[in-house]
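Colleague: Please take a close look at one part for me, the shell around the ligand. Go on from there to whatever else you can describe.

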Amino acid sequence: MANVPAESAARRVSQCRPAPADGRRTCASARTRRAAGALALAALALAAGGCSVKGGDNPNLILGKQAFVAKCGSCHTLARASTKGIVGPNLDEAFHQALAEGEGRSTIRGVVEMQIKNPNPEGAMPKDLVSGSLARDVAEYVEQSASKPGKDTGLLASAVPAPGAGKPAVEKAGKLEIDANPEGQLAYQASSASASAGPVTLTMANMSGVTHNIALEAGAGGANAKGTAIAASSFICKGSTSINVTLKPGTYTYFCQVPGHRAAGMYGTLTVK
Ligand code: HEC
């Protein structure tokens, strides 16, 4: 598996569990599979079947969601986790077909755990981003969330704060701080900022493990503008970086130059008066 190039999750799932000859899948065979697993697996399978009333308050899922956002979301889109990374496959789409073909959700967990341990060595995904019980929690969260309409409920809904919902950033005495989301989401804490014209030191703290920078261009460009940056900081994680700019009155866009981050929502509007 480790030497196999990128392939679809659907194919991998079907490799793990070959479809029966008649193409049908009965409840009885699903139950036999569960009984064959460890007790913990059986409990997970039950939760996956929606039998747990407090599914949204399951502490494993909460840890799994937080770790997914911090370690996986910068590269993968997963709607329920509100992550929008585009380096790796969209995980809702990746598992959609397998689920549509009648595979149980529990097969997703195996694919995710295997992928965490054995990503394509020539690909972009680092090995063992999470390990031990946290890897299981992440896999369980993906199992429960991939390609599932609707939103997370219970405590799970608030496990990771919404990105970009912070207070607008305001320049004071020539200093303006616009920080990256500390949980690793592709967003700045503030989606708008204001400053007075003149020299400004723009600082971005990025406490997450995902690399970002902050760049500035003229105009209210939104997610996809292709203007030229008038200034750009260095790329950092777990630290802080600054740029010095002299601003004229007008509207600017600040954005991250890591490919895909701006398109995923990592930008905001700076108004200079
Ligand atoms: C730096 C980017 C990056 C990060 C971070 C990352 N992945 Fe990936 N992921 C990829 C790429 C690229 C692929 C395509 C296959 C490969 O390279 O192994 C992939 C493939 C996958 C697949 C297989 C999807 C399919 O269609 O077969 C799964 C599942 C997956 N990743 C889960 C995760 C999980 C869970 C995490 C966090 C623990 C994670 N990834 C973190 C880039 C990333």
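Modeller: A helix here is a DSSP run of H or I with at least four residues, a strand is a run of E with at least two, and both are numbered from the N terminus. The model is predicted. By that naming, α6 gives the largest share of the shell around the ligand, with four residues. The ligand is surrounded by 26 residues, and the closest are C72, C75, G88, N120 and G123. Three elements contribute two or more residues to this shell: α1 (9-16), α6 (106-117) and α7 (132-145). Sorted by class, the shell holds 17 nonpolar residues, seven polar ones and two charged ones.

One of those contributors, α7, also packs against another helix, α4, which covers residues 59-71. Their axes are 7 Å apart and meet at an angle of about 90 degrees. Angles of 65 to 115 degrees count as roughly perpendicular, so α4 is roughly perpendicular to α7. On the α4 side, the contact is made by N60, L61, L63, G64, K65, A67 and F68. On the α7 side, L134, D137, V138, E140, Y141, V142 and Q144 take part. By class, this contact has eight nonpolar, three polar and three charged residues.

The next part is a sheet. It is open and has six strands in the order β3-β5-β11-β10-β7-β8, with mixed pairing. At its edges are β3 (169-170) and β8 (231-232), each of which pairs on one side only. In general, strands of a sheet pair through backbone hydrogen bonds, either parallel or antiparallel. For strand β5 (residues 192-195) and strand β11 (residues 267-272), the sense is parallel, over four bridges. Within this sheet, S194 stands opposite T271 of β11.

One residue of the sheet can be followed further: Y252, in strand β10 (residues 250-255). Is Y252 buried or exposed? A residue needs 20 or more C-beta neighbours within 10 Å to count as buried. Y252 has 24 C-beta neighbours inside 10 Å, and therefore counts as buried. Apart from neighbours within four places in sequence, the residues in contact with Y252 are L216, E217, A218, L270 and V272. Of these, L270 and V272 fall within the residue range of β11, 267-272. I230 is 22 residues from Y252 along the chain, and the C-alpha atoms of the two are separated by 9.9 Å.

Note on methods:
Residues are numbered from 1 along each chain as its sequence is written. This is a predicted model: local features need pLDDT of at least 70, side-chain atom pairs count only at pLDDT 80 or more; totals for chains, interfaces and linings use all residues. Two strands pair if DSSP finds at least two bridges between them. A residue is buried if 20 or more other C-beta atoms lie within 10 Å of its own, exposed if 12 or fewer, and partly exposed in between; C-beta atoms are placed from the backbone. Two residues are in contact if their C-beta atoms, placed from the backbone, lie within 7 Å. A residue is near a molecule or strand if its C-beta atom, placed from the backbone, lies within 6 Å of it. Ala, Val, Leu, Ile, Met, Phe, Trp, Tyr, Cys and Pro count as nonpolar, Asp, Glu, Lys and Arg as charged, and the others, Gly among them, as polar. Axes are lines fitted to C-alpha atoms, for helices over the stretch in contact, and angles run from 0 to 180 degrees between N-to-C directions. Angles under 35 degrees count as roughly parallel, over 145 as roughly antiparallel, 65 to 115 as roughly perpendicular and the rest as oblique.
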